[in-house]
Amino acid sequence: APDIPVIDQAYSKLSNSITVEWRAVPGATNYMLTAQDGDSFVETIVKNSPGTVTGLKPATLYRITVRSISSGGKSQPSPFTKVKTVLAAPILSVRSPSCDSIAVSWKAVHMAAGFSVSLMRSDGLGRVLKQNTTNTSLIFTNLDPGTLYTVKAYAWNANGVPGDDFTYNQRTSPNAPVDVKVAFNSGASRAVVSWMPTEGALTYSVTVSSGLLKLRCNTSSASCMVPSLQCSSEYDVSVTAHNDAGSSEPTDAVSFKTIPCAPVNISIEEDEPGHLLVSWSSVSLGHYYVVFVKSDDGLEVHCNTSHTQCHFQSDCGFTYFISVFAYNKAGQSPLGDVLNYTTAPCCPSDFRAVFVSSDTVRVTWAPVRGADLYETRAAGGSGVVLCRDTATACSLSALQCSTPYNITVYAFSEARGSSASCAPHYVATAPCSPEIKNISKEGVSVISVQWQPNNEEAMYVVTARGEAGLWHCSSTRNSCTLMDLPCGSAFSVSAIARSPAGQSLPSYSIPLETAPCCPNDLVLTQVTQSVTNISWSVGRGAQTYVTTLESPKGQAKCHTLQTYCLLGCITCGTNYTVSLRAISETGLTSSCTYQGYSSSACCPSGVKLYRLSNNGIRVFWRASDETINYNADLRGSKGNFSCTPSLGLSHCDITKIPCGDVYTVLVAPVTNKRPRLTFCPKKIYS
């Protein structure tokens with residue numbers, strides 16, 4: 001075993017350990033330190049000197065021995081040395097009761113005769129404050145607010161030996177913030193409270209109060225937003241700083257007024273056309289008001305006033321959006337009700353009235369701003385004619401003819417109704433249609449037309465319309481005469497009235513037929529001694545014809561659809577008067593007179609032939625009238641021969657007739673105005 005070590009010294013610097021120093025023992029590899037307190041002991045193996053035994057009790061006397069250890073074993077314990085552990089450190093309780101003080105307290109320490117407490121700024125600035133006391137508490141004052149301090153304390157025994165120390169970092173509570181300011185955010189119900197940062201403050205609390213209402217805001221910055229403020233209210237605001245040591249005193253209350261509430265009971269009146277009066281109720285804490293009026297075309301005007309009403313100019317047919325704001329030093333009130341007011345539409349302009357018929361007028365006008373509906377009112381005659389439409393045109397029908405009307409166009413809007421008073425426009429309707437009462441024939445081609453005059457200061461025009469053309473007459477009275485109407489024509493007669501207001505509708509047409517035209521050409525041809533053929537040209541408008549040959553000896557008549565007629569029972573050698581009546585389909589008759597007609601002289605009777613020689617013949621007859629000359633014709637294949645006796649003779653001779661032929665002999669009266677008669681009896685001579 002190695003040698004026994006010899007302790008040079010043993011001491012205690014910590015309350016739970018003793019440090020031992022000894023001389024080294026040759027061959028020893030380890031040492032065993034033993035601290036014994038009565039029956040209990042603590043052993044520790046170390047490599048060399050010095051060595052420390054830990055896990056001891058404070059302020060306790062221990063017997064300290066050392067044994068050396070080698071591969072050969074352990075030595076005997078060294079002679080013991082008595083050593084007492086130092087006092088335990090006081091356990092501190094530290095707080096900052098105010099922003100410039102720190103209070104330190106602790107529990108009593110066993111075997112302690114007194115205590116030493118020191119304080120200094122943790123950043124090393126300033127001096128160290130130290131106090132010795134036998135009490136278990138003390139207070140350091142006149143410290144810097146919000147500053148971190150290091151507190152160190154230890155106890156000493158009756159011999160003045162210090163024990164373990166205890167270190168604690170403590171910050172003083174912050175000072176109250178300064179330069180508290182209030183600003184409003186967004187002009188709404190929120191306020192931003194700001195202040196100068198306080199040394200050592202970790203957080204801040206803002207208290208806003210008004211009566212029983214309290215609002216709080218916590219923040220780590222130097223400003224805080226307080227929401228949900230009521231408009232038109234007065235608040236007190238205070239700020240308290242906080243850190244881990246505590247809280248500062250609240251700042252002195254700062255009073256502020258919130259923005260005014262939005263004005264209410266806004267009313268809009270149009271006290272007279274073109275002027276709007278906007279009024280509202282007074283707002284608490286409102287110093288003045290601004291009224292904004294914006295029209296629907298984008299134009300905006302405003303009015304500043306300390307009163308509760310404003311006047312504005314307005315135009316017809318516009319919609320105005322009106323908002324009222326109250327102001328004070330805090331700012332503008334929130335947006336309240338936005339009212340809209342639509343003025344009545346303007347009276348329509350560019351009025352035009354055009355008659356599309358005698359009782360219907362089409363009225364047009366320029367579109368009106370803000371108009372949803374138009375009403376056209378025509379007042380006149382026996383009543384009022386109305387027309388409502390969304391279009392800028394209206395047709396007023398069933399108007400009374402020849403009547404003055406006052407036509408007024410009103411514009412309506414759903415919001416405001418109609419325009420106030422619009423000027424009427426004078427329009428007169430066209431004359432009434434005349435009524436033809438009578439058409440009478442006053443002469444050939446002359447027709448008189450009469451009507452019922454039913455207009456004032458009107459000119460009446462009568463028109464006869466037919467295939468033959470148009471004939472007119474006019475008058476301001478109740479009749480006029482149509483002249484030179486062609487015969488045999490059909491007309492439709494109507495009348496119109498004209499005035500500066502226009503032209504009436506035509507009257508109902510009255511049919512008019514003129515008498516048929518007399519045929520221009522009439523030819524009489526005697527067919528036989530007692531039959532005459534009459535032919536004529538067509539008479540316009542005639543359907544049938546009646547021809548008459550009349551003499552003292554009698555009358556011959558024919559009624560036909562044709563343009564010719566055979567008349568029998570004609571007396572030869574008689575003068576006749578010739579007449580013709582043209583009759584229309586409706587029975588109108590034109591009596592036509594022509595040049596007289598003389599029938600041919602009577603044929604001779606008792607014609608006899610006598611041969612004079614081989615080449616001659618004598619013709620005898622009995623004349624019907626001794627004043628008539630006769631002519632004898634002899635016609636054969638070898639030639640034609642004739643002879644005419646002197647007046648009063650009833651025979652004549654034809655000579656140098658070729659023999660051996662058959663001849664036809666005709667004796668007929670001689671006339672200078674017509675062809676030779678061929679209807680007298682003939683004789684055959686061989």
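The following exchange asks how labels in this predicted model follow from its computed values.

User: Why is S599 called buried?

Analyst: Buried means under 20% relative accessible area. S599 has 5%, so it is buried.

User: Where in the fold is S599 found?

Analyst: S599 is in the loop between strand 55 (597-598) and strand 56 (605-613).

User: What makes the link from the side chain of S599 to the backbone nitrogen of G573 a polar contact?

Analyst: The cut-off is 3.5 Å between N or O atoms, with a donor and an acceptor. The backbone nitrogen of G573 lies 2.8 Å from a polar atom of the S599 side chain. The backbone nitrogen of T574 lies 2.7 Å from a polar atom of that side chain. Both values are within 3.5 Å, so both pairs meet the distance limit.

User: How do you know that C303 and C310 form a disulfide?

Analyst: Two cysteine sulfur atoms within 2.5 Å count as a disulfide. The sulfurs of C303 and C310 are 1.9 Å apart, so the pair qualifies. By this rule the model has 14 disulfides.

User: Why is the disulfide of C303 and C310 called left-handed?

Analyst: The torsion about its S-S bond is about -60°, so the C303 and C310 link is left-handed.

User: Are C303 and C310 buried or exposed?

Analyst: The limit for buried is under 20%. C303 has a relative accessible area of 16%, so it is buried. C310 has 2%, so it is buried too.

User: What is the handedness of the link between C473 and C480?

Analyst: C473 and C480 are joined by a disulfide, S to S 1.9 Å. The torsion is about 45°, so this disulfide is right-handed. C473, at 8% relative accessibility, counts as buried. C480, at 7%, counts as buried.

User: How do you know that strand 42 and strand 43 pair?

Analyst: Pairing needs at least two bridges. Strand 42 (residues 459-466) and strand 43 (residues 469-475) have seven, so they pair, in the antiparallel sense. V461 stands opposite S474 in strand 43. A hairpin of two residues joins strand 42 to strand 43.

User: What makes strand 57 a partner of strand 56 and of strand 60?

Analyst: The threshold is again at least two bridges. Strand 56 and strand 57 (residues 616-622) share six bridges and run antiparallel. S605 stands opposite R622 in strand 57. Two residues form the hairpin that joins strand 56 to strand 57. Strand 57 and strand 60 (residues 651-655) share five bridges, also antiparallel. There, R618 stands opposite D653 in strand 60. Six and five both reach the threshold, so both pairings hold.

User: How do you know that C643 and C652 are linked, and what is the handedness?

Analyst: Their sulfurs are 1.8 Å apart, within the 2.5 Å limit, so a disulfide joins C643 to C652. With 45° about the S-S bond, the link is right-handed. C652 has a relative accessible area of 6% and is buried. C643, at 9%, counts as buried.

User: Why is C659 in no disulfide?

Analyst: The nearest cysteine sulfur, that of C643, is 19 Å away. The limit is 2.5 Å, so C659 is in no disulfide.

User: Why is C659 called exposed, and C99 partly exposed?

Analyst: Exposed means over 50%, and partly exposed lies between 20% and 50%. C659 has a relative accessible area of 59%, so it is exposed. C99 has 22% relative accessibility, so it counts as partly exposed.

Conventions:
Residues numbered from 1 in each chain as written. Predicted model: local features only at pLDDT ≥ 70, side-chain atom pairs only at ≥ 80, totals over all residues. Heavy atoms only, no water. Helix = DSSP H or I, 4+ residues; strand = E, 2+ residues; numbered from the N terminus. Buried < 20%, exposed > 50% of the residue type's maximum accessible area, 1.4 Å probe, protein only.
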